[in-house]
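Visitor: I am new to this structure. Please take me through one part closely, and then show me what else is worth a look.

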Amino acid sequence: MPELPEVEVTRRSVAPRLEGSIVRAVRVGAALRWPLGVEPQSLVGLRVGTLQRRGKYIWLPLLDAGTGAPQGGLLLHLGMSGSLALLEQAHAPTKHEHFDLATDAGTLRLTDPRRFGAVVWSPALDAGMAARLLARLGCEPFDPALTAARLREGFSRRSVPIKTALLAGDIVVGAGNIYACEALYEAGIDPRTPANTLSLARCEKLLQALRRILGRALELGGSTLRDFRDAHGMSGAFQHEAGVYGREGQDCRRCGTPVQRLVQAQRSTFFCPRCQRR
Ligand SMILES: [Zn+2]
């Protein structure tokens, strides 16, 4: 599943060419998670503004090509299996290619075999469908306004295990399964620890660890996601250097104790029973 780093790398890869381009055509293929919500033809002639990412969503604002006045925008999500590519020469779409935004700078194409992804029009990022979809998202992990104190305050109302509270994404976004496991390992926190018992010092460690892990994933993404079509290539590369993720029964790289796996909220958690404490 594409996680925050993959989405951010995708945004960075397509933004420089796409921004400022003019929409020439919009093609909607098989139904995605939600309908587009606007007449595709009405987007033709608009100019693409500055692409933003919020959580795992990419916001593609559209502007009047003449005046630059905001004309809503498209909120894109890659779902379980989606990827976006900006094609210079768009070939005829194949059966898993469900959306095209053709511009004078190339065609932004969504490939999504499982079709849990979405392209939704919204009048603004903070209105309509976009506002509804983004309402429950937690802080951005790299936002300077996110401090250990704020993290602790968010966790203080949760008695669920810290791993589950991280995955929920409503306190901080970006800690998908692999990154949540790795951040807790780095921070030496047992994934079963009730979220509301985490001290300020441990919240600080966790925040630093999460930023380090996501920063590293972004770095790897830049080098491995060469054509920006294989959103899974990156987590694959990241997994090669994972401390615990996917390493059940193998020795912890720090202490040699076999890594254990357990299931929390229907997801596999990997951890070192010795390095990670409650
Ligand atoms: Zn260990």
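Guide: We begin at the metal site and then move on to the cores, the pocket and a few single residues. Keep in mind that this is a predicted model.

Start with the zinc ion. Four cysteines coordinate the zinc ion, each through its SG atom: Cys-252, Cys-255, Cys-272 and Cys-275. The distances run from 2.2 to 2.4 Å. What is the geometry of the site of the zinc ion? The site is tetrahedral, and the angles among its 4 donor atoms span 102 to 113°. For four tetrahedral donors, the ideal angle at a metal is 109.5 degrees.

Now follow the donors along the chain. Their spacing reads C-x2-C-x16-C-x2-C. Take one pair from this set. Cys-255 sits in the loop between helix 7 (231-240) and strand 10 (260-264), while Cys-275 belongs to the segment after strand 11 (267-271). The pair therefore ties together parts that are 20 residues apart in sequence. Are these two cysteines buried or exposed? Cys-255 is partly exposed, at 27% relative accessibility. Cys-275 is also partly exposed, with a relative accessible area of 22%. Buried would mean under 20%.

Stay in this stretch for a moment. Between strand 10 and strand 11 there is a loop that holds Ala-265. Its phi is positive, near 50°, and Ala-265 is not a glycine. Ala-265 is partly exposed, with a relative accessible area of 45%.

A second residue has a positive phi. Arg-115 is not a glycine either, and its phi is about 60°. Look for Arg-115 in the loop between strand 8 (106-111) and strand 9 (118-122). Its relative accessible area is 38%, so Arg-115 counts as partly exposed.

Strand 9 leads to Ser-122. Ser-122 is buried, at 0% relative accessibility. Leaving out residues up to four places away in sequence, Ser-122 touches Trp-59, Gly-72, Gly-73, Ala-127, Gly-128, Met-129 and Ala-130. Pro-93 is another matter. Pro-93 and Ser-122 are 29 residues apart in sequence, and their C-alpha atoms are 25 Å apart in space.

Next, the interior. In soluble globular proteins, nonpolar side chains tend to be buried together. The largest nonpolar core here has 39 residues. Those that touch the most other members are Leu-151, Phe-155, Ile-162, Leu-166 and Leu-206. Which elements give two or more residues to this core? They are helix 3 (148-155), helix 4 (162-168), helix 5 (177-187) and helix 6 (200-224). Helix 6 gives the most, with 9 residues.

Pick out Ile-162. Setting aside residues up to four places away in sequence, Ile-162 has ten names on its list of contacts: Phe-155, Leu-184, Ile-189, Asp-190, Pro-191, Thr-193, Pro-194, Ala-195, Leu-198 and Leu-206. Apart from this core lies another, of 25 residues, including Leu-43, Ile-58, Leu-78 and Val-119.

Last comes the largest pocket. Its volume is about 660 Å³. It is lined by 27 residues. Which of them are the closest to its centre? They are Met-1, Lys-56, His-77, Leu-167 and Ala-168. Helix 4 gives the most to this lining, with 3 residues.

Methods:
Residues numbered from 1 in each chain as written. Predicted model: local features only at pLDDT ≥ 70, side-chain atom pairs only at ≥ 80, totals over all residues. Heavy atoms only, no water. Donors = N, O, S within 2.8 Å, 3.2 Å for Na, K, Ca; no water. Tetrahedral: all angles 85-135°; square planar, octahedral: opposite > 155°, others 65-115°. Helix = DSSP H or I, 4+ residues; strand = E, 2+ residues; numbered from the N terminus. Buried < 20%, exposed > 50% of the residue type's maximum accessible area, 1.4 Å probe, protein only. Core = buried A, V, L, I, M, F, W, Y, C linked by side-chain atoms within 4.5 Å. Contact = heavy atoms within 4.5 Å. 1 Å grid on protein atoms, 1.4 Å probe; cavity = no way out; pocket = protein on both sides within 12 Å on 5 of 7 lines; lining within 4 Å. Points joined across faces, edges and corners; volume = space filled by probe spheres on them.
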